[in-house]
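Visitor: I am new to this structure, and I would like a close look at one part of its inside. Please pick a residue there, then show me how its surroundings fit into the whole.

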Amino acid sequence: MAKSRWYRLLPIAFITYSLAYLDRANFGFGAASGMAADLHITPSMSSLLGSLFFLGYFFFQVPGAVYAENRSAKKLIFWSLILWGGLAMATGIISNLNALIAIRFMLGVVESAVMPSMLLFLSRWFTKAERSQANTFLILGNPATILWMSVLSGYLIQSVGWRWMFILEGLPAIIWAFFWWRLVNDKPQDANWLTEPEKQELAAQLQLEQQGIKPVKNYAEAFKSKVVILLSLQYALWSIGVYGFVMWLPSILNAAPNMTIVKTGWLSSVPYVLAIIGMLSASYFSDKTQNRKAFVWPFLLIGALAFYGSYLLGADHFWLSFTLLIVAGGAMYAPYGPFFAIIPEILPKNVAGGAMALINSLGALGSFIGSYIVGYLNGATGGFGASYIFMAGSLLLSALITLVAVKKPVSNG
């Protein structure tokens, strides 16, 4: 069925989300490299700045998704690209802490619409049997970006300083906005690169899938459903682990003996290699078996155990502890594709986008809590053990809630 959708749309989705992620995750490198000293940022202010992004992200998810659902995901993402690229570049120019606080919050607001809008966009173009893999190619922009960004940022900071790192890494989003505008259509029926029979076949298949789903009147009804509430809580706890890890891994590694910022960059990239392999494998088998649940909770449990193991080993066994952090990173990322395929399969399309946005916004709240508390624990205890326990506990609860929330494999009808 219209193979061209895969090579036409997924590279575009991947690049767009990659750029969003680049401008979100490079803050960890700025903070580890001299930005704190230059702007007189205390450790507690640093953890607040790292997490402020997610507060902006939390508040504007649902309005963004509603706009994308009722108006245009294409238009929303175009303006988001330009605005977040500009804000990211501004991070490299400012010399005032208050301006940085405002930029971090606004960056969260502008980027908040991207994930739910993109998931909604893909659900209009890919069928149930394809959706986990399509979602994964989108979300791969996250670990893949951190992989090369970790190495690139280390070199940029060393050669041109943290300010130019932010400026040079913010510019591509603005340029890409115009490619996005030319290359995508909101709906398959608008695409001149699909034949009429291909459009009809895809529309018929998507329509057929909706028939097996129980109708839901409006967002209020969807948001009150038990599965949406549980998955929101599950994703919040999962995100505590993911973002505690993403934001603070450079600082954790940089604190090791004989460590340079370039070495930190290379080592920070390693967990994301495993993450990419895990994500591609989990989504492939999830689509093959049409079982979502079995490809979510076991990975979260492995992540929890790996963090706990890393805590038990402590700082004295750096390489063993780091190996377990690699496992934790890979395991936390693997279930994204299957997880975001669950909602469009149990809720009708009139509310699925809003429900995904609600779940994602609770994830943002978890990310806020995770990146703030991990930073706080690291500063208060002078080590990383307490934050490992905190992330392990969050992932364990997330795995248990998945078992309760999704009663059986999501099947046709």
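Guide: A residue is called buried when its relative accessible area is under 20%, exposed when it is over 50%, and partly exposed in between, using a 1.4 Å probe and protein chains only. What you see is a predicted model, in which local features need pLDDT of at least 70 and side-chain atom pairs count only at pLDDT 80 or more, while totals for chains, interfaces and linings use all residues. Residues are numbered from 1 along each chain as its sequence is written, and side-chain values use heavy atoms, with hydrogens and water left out.

Let's begin with Ala65, which counts as buried at 1% relative accessibility. You will find Ala65 in helix H5, residues 61-70. (Helices are DSSP runs of H or I with at least four residues, strands are runs of E with at least two, and both are numbered from the N terminus.) Which residues does Ala65 touch, not counting those up to four places away in sequence? They are Pro116, Leu120, Gly353, Gly354 and Ala357, where contact means heavy atoms within 4.5 Å. For a sense of distance, go from Ala65 to Ser251: their C-alpha atoms are 34 Å apart, and the two positions lie 186 residues apart along the chain.

Now follow the chain on to helix H18, which spans residues 349-381. H18 has helix H19, residues 385-405, as a partner: their axes come within 8 Å and cross at roughly 150°. Those axes are lines fitted to C-alpha atoms, for helices over the stretch in contact, with angles running from 0 to 180 degrees between N-to-C directions. The angle therefore makes H18 and H19 roughly antiparallel. (Under 35 degrees is roughly parallel, over 145 roughly antiparallel, 65 to 115 roughly perpendicular, and the rest oblique.) H18 passes H19 in a right-handed crossing; the near helix is turned clockwise from the far one by less than a right angle, whereas anticlockwise would be left-handed.

On the H18 side, Ile369, Gly370, Ile373, Val374, Leu377, Asn378 and Thr381 meet Ala386, Ser387, Phe390 and Met391 of H19. Sorted by class, this contact has seven nonpolar, four polar and no charged residues. Here Ala, Val, Leu, Ile, Met, Phe, Trp, Tyr, Cys and Pro are nonpolar, Asp, Glu, Lys and Arg are charged, and the others, Gly among them, are polar.

Stop for a moment at Met391, which lies in H19. Like our starting residue, Met391 is buried, with a relative accessible area of 1%. Leaving aside neighbours within four places in sequence, Met391 is in contact with Ile240, Gly241, Gly244, Phe245, Phe307 and Val374. Its C-alpha atom is separated by 26 Å from that of Gly154, a residue 237 places away along the chain.

Another pair of helices is worth a visit. The axes of helix H1 (residues 4-25) and helix H6 (residues 73-91) come within 10 Å and cross at roughly 30°. H1 and H6 are therefore roughly parallel to each other, and their crossing is left-handed. Thr16, Leu19, Ala20 and Asp23 of H1 make the contact with Ile77, Leu81, Trp84, Gly85 and Ala88 of H6. That contact has six nonpolar residues, two polar and one charged.

H1 also leads us to helix H9, residues 131-139: seven of its nine residues are buried, so H9 is largely enclosed by the rest of the structure. The buried ones are Arg131, Ser132, Ala134, Asn135, Thr136, Leu138 and Ile139. They pack against H1, helix H8 (114-123), helix H10 (141-183), helix H11 (196-211), H14 and helix H17 (336-346).

Two loop residues make a nice contrast. His40 sits in the loop between helix H3 (35-38) and helix H4 (43-59), and Gln290 in the loop between helix H14 (261-289) and helix H15 (297-313). Phi of His40 is near 55°, a positive value in a residue other than glycine; Gln290, not a glycine, has a positive phi of about 55°. Yet His40 is exposed, with a relative accessible area of 67%, while Gln290 is buried at 18%.

Finally, step back. The chain has 19 helices and zero strands. Its C-alpha atoms fill a box of roughly 60 × 45 × 35 Å, taken along the principal axes. Of the 413 residues, 59% are buried. Among contacts between residues at least 6 apart in sequence, 84% join residues at least 24 apart.
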